[in-house]
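Student: I'm new to this structure and a bit lost. Please pick one spot, look at it closely, and then walk me outward from there.

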Amino acid sequence: MARAVTTQRKALNTAIAWAIGLLIFFPILWTILTSFKTEAQAIADPPVFLFFDWTLENYAVVQERSNYMRFLWNSVFIAGGSTILGIIIAVPAAWSMAFVPSKRTKDILLWMLSTKMLPAVGVLYPIYLIFIKLGILDSRLGLTVVLMLINLPIIVWMLYTYFKEIPGEILEAARMDGASLRNEILYVLTPMAIPGIASTLLLNFILAWNEAFWTLNLTAAQAAPLTAFIASYSSPEGLFFAKLSAASTMAIAPILILGWFSQKQLVRGLTFGAVK
Amino acid sequence: MGRIQLNQVQKKFGDVEVIPPLDLEINDGEFVVFVGPSGCGKSTLLRLIAGLEDTTAGHIEIDGDDATMLPPAKRGLAMVFQSYALYPHMSVRKNIAFPMRMAKIPQEEQDRRISSAAKALNLTDYLDRRPGQLSGGQRQRVAIGRAIVREPAAFLFDEPLSNLDAALRVGMRMEISELHKKLATTMVYVTHDQVEAMTMADKIVVLHAGVIEQVGSPLELYRNPRNLFVAGFIGSPKMNFVEGPEAAKHDAQTIGIRPEHIDVSTTEGTWQGTVGVAEHLGSDTFIHIHGIPGCDPMTVRASGEMSVVHGDTVYLTPRADQIHRFDAQGLRIG
């Protein structure tokens with residue numbers, strides 16, 4: 001009897017989980033479906049779901065009209081660059097916070113995180129002016145640095161929680177064994193924290209990839225990544241839904257595939273080291 | 001060489017003084033054991049010697065050179081940790097090689113030292129395994145191997161056996177003692193287990209609340225404990241303390257008699273008492289006796305043949321030449 005109840009419950013839970021999953025996934029699914037419709041079908045009322053004439057025309061038009069590869073390369077450069085740069089800065093920072101904490105360490109961590117609560121638009125004006133003065137507006141390098149700074153608090157937090165799980169005695173052993181600080185981080189800490197560092201890399205790559213506010217405001221033609229590519233197809237009149245969907249699908253495809261193959265790491269990353 | 005000297009070494013954590021200024025000398029080749037209850041500062045003292053903690057005041061000399069400000073790696077000491085602290089992502093071979101790799105020792109020399117350490121520690125078959133695939137005892141051997149290959153001036157052991165089960169602990173205890181005889185290198189060993197201290201040490205340092213209570217050979221401490229703390233800490237089962245009129249008869253505030261220095265009889269003796277619990281170990285019988293004035297219960301070590309049970313009346317006679325006398329401050333008299 002008990003077993004029957006458990007099975008029923010399981011089935012119910014599974015159904016609820018699927019329902020929530022589909023609800024979350026639906027906008028993405030709808031975007032993908034719309035990208036294969038004609039512009040007329042895309043705005044048809046009532047909407048057509050699966051039974052329409054599937055066409056690749058939108059993809060052809062989008063490809064023809066804009067250079068997808070250039071946007072893709074910009075996205076890869078900016079997301080990858082900002083993540084790697086962030087890791088290089090965050091590893092020593094997280095090391096010191098995890099292993100030689102001061103009285104203020106917790107406060108600093110909280111303060112860093114609090115910068116994420118600031119509305120980005122609040123600092124748009126000064127950053128925009130700095131970019132103009134430095135002549136790095138619409139440059140990949142400038143955007144890389146900004147996105148790195150935006151995500152740095154999260155990178156430091158994540159690495160900090162992973163490093164906290166590493167027993168301090170192992171690092172002390174390395175010190176006794178003659179390892180310099182650099183060697184200690186390079187040969188002992190980093191290899192032991194690889195799973196944590198990998199999920200941090202992944203999550204931040206995705207965050208940087210999806211970042212739209214700064215990429216739209218600080219780029220024009222040169223450094224524009226895929227977010228700008230999508231935006232270029234949105235028009236207030238809503239005339240190009242199908243093409244916008246095709247552009248969106250092309251923009252999210254790489255990250256969707258990356259996410260699919262690294263689900264395990266991502267879950268670990270998103271739970272911030274709470275799950276061992 | 002491995003002579004370590006502490007001069008007025010003091011350690012504070014914030015405002016809390018865990019080790020008041022102390023002096024200590026550890027001679028070359030000695031096996032010195034720091035022993036004391038948990039929280040007595042023995043591990044902190046070891047970490048000060050290792051350089052893992054900074055001294056608040058005082059000087060640490062290693063082989064005559066001031067090492068107070070030197071980083072751990074520059075002190076020429078090797079440490080074995082309670083948790084083994086092996087590098088989980090490296091094979092046993094790489095774990096043992098790590099300190100030599102850091103010291104940039106040539107590969108052939110590394111291989112030679114690894115194989116000789118592995119042979120000495122019975123690790124030859126496990127060199128390519130990861131620490132996670134080894135038992136506790138094997139892990140501890142790897143940690144010792146990693147220490148040996150550095151050819152340090154002294155070995156520091158921080159409660160290395162406390163994570164092992166009882167049987168393994170006895171075995172490892174002997175292995176470490178044998179290693180000391182073979183290498184003749186200074187070893188400083190921290191433990192809270194007085195049996196380990198008694199069996200392994202050339203010299204025991206008894207610590208209590210950061211203060212050195214007594215330094216001496218195991219038998220010196222056993223025979224002539226300087227105060228009540230040392231008397232109670234060294235020896236197993238622990239010394240019986242008798243206060244009141246019985247102590248006054250010996251012109252002392254407290255007298256101490258070890259369980260093995262009391263004769264027990266079912267017919268006659270100085271004190272009369274009732275058996276509470278009798279623990280039959282086969283070789284010995286430990287009897288806990290109630291009703292002795294000034295000491296309750298009193299523990300007595302009798303021969304294994306002694307058969308008494310709960311409620312029996314027994315008579316106890318302390319051996320006159322084995323009575324330790326202490327004054328009101330708890331210090332030894334005479």
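Tutor: Let's start with Ala94(A), which touches Val156(A), Leu159(A), Tyr160(A) and Phe163(A), leaving aside residues up to four places away in sequence. Keep in mind as we go that this is a predicted model. Ala94(A) sits in helix H4, which covers residues 68-99 of chain A. Is Ala94(A) buried or exposed? Count the other C-beta atoms within 10 Å and you get 27; the cut-off for buried is 20 or more, so Ala94(A) counts as buried. You can also look from here to Ile197(A), which is 103 residues away along the chain, with 11 Å between the two C-alpha atoms.

Now step back to the chain around that residue. Chain A has 14 helices and zero strands, so if you read its elements from the N terminus you meet α every time. Its C-alpha atoms fill a box of roughly 75 × 70 × 30 Å along the principal axes. Ala94(A) is buried, and buried residues make up 34% of the 276 residues in chain A. Take the contacts in chain A between residues at least 6 apart in sequence: 79% of them join residues at least 24 apart.

How confident is the predictor here? The average pLDDT of chain A is 86, and 93% of its residues score at least 70. Be careful with residues 272-276 of chain A, though, where pLDDT stays under 50; the model has eight contacts for them beyond four places in sequence.

For a look at how two helices of this chain meet, find H3 (residues 57-65) and H13 (residues 241-261) of chain A: their axes are 9 Å apart and make an angle of about 75°. That angle falls between 65 and 115 degrees, so H3(A) and H13(A) are roughly perpendicular. On the H3(A) side the meeting residues are Asn58(A), Tyr59(A), Val61(A) and Val62(A), and on the H13(A) side they are Ala242(A), Lys243(A), Ala246(A), Ala247(A) and Met250(A). Sorted by class, that contact holds seven nonpolar residues, one polar and one charged.

Chain A also has a partner. Its contact with chain B involves 14 residues of chain A and 17 of chain B. Helices H8 (168-176) and H9 (181-192) of chain A each bring at least two residues to that side, and H8(A) gives the most, with six. The chain A side counts eight nonpolar, two polar and four charged residues.

Cross over to chain B and you find strands. One open sheet of four strands in chain B has the order S2-S1-S4-S5, paired antiparallel. Strands S2 (16-26) and S5 (65-66) of chain B stand at its edges with a single partner strand each, so each has one side without a neighbour in the sheet. S5(B) pairs with strand S4 (residues 57-62) of chain B over two bridges, and in that pairing Asp65(B) is the bridge partner of Ile62(B). Helix H1 (residues 42-50) of chain B packs on this sheet, touching S1, S2 and S4 of chain B, and its direction makes about 115° with that of S1(B). Within S1(B) there is Gln8(B), which has a positive phi of about 50° although it is not a glycine. Gln8(B) has 12 C-beta neighbours inside 10 Å, so it counts as exposed.

Another strand of chain B to pick out is S12 (residues 254-257). Thr254(B) and Gly256(B) point one way from it, Ile255(B) and Ile257(B) point the other way, and all are buried. In a regular strand, side chains alternate between the two faces of the sheet. S12(B) pairs antiparallel with strand S11 (residues 240-243) of chain B over four bridges, and Ile255(B) is the bridge partner of Val242(B). Three bridges join S12(B) to strand S18 (residues 324-326) of chain B, also antiparallel, with Thr254(B) opposite Phe326(B).

A last detail concerns the backbone of chain B. The peptide bond from Ser236(B) to Pro237(B) is cis, with omega near -5°, and Pro237(B) lies in the loop between helix H8 (228-233) and S11 of chain B. Asp296(B) and Pro297(B) are joined by a cis peptide bond too, with omega about -10°.

Terms used:
Residues are numbered from 1 along each chain as its sequence is written. Chains are lettered from A and ligands numbered from 1 in the order in which they are written. This is a predicted model: local features need pLDDT of at least 70, side-chain atom pairs count only at pLDDT 80 or more; totals for chains, interfaces and linings use all residues. Two residues are in contact if their C-beta atoms, placed from the backbone, lie within 7 Å. Axes are lines fitted to C-alpha atoms, for helices over the stretch in contact, and angles run from 0 to 180 degrees between N-to-C directions. Angles under 35 degrees count as roughly parallel, over 145 as roughly antiparallel, 65 to 115 as roughly perpendicular and the rest as oblique. Ala, Val, Leu, Ile, Met, Phe, Trp, Tyr, Cys and Pro count as nonpolar, Asp, Glu, Lys and Arg as charged, and the others, Gly among them, as polar. pLDDT is the predictor's confidence in each residue, from 0 to 100. Two strands pair if DSSP finds at least two bridges between them.
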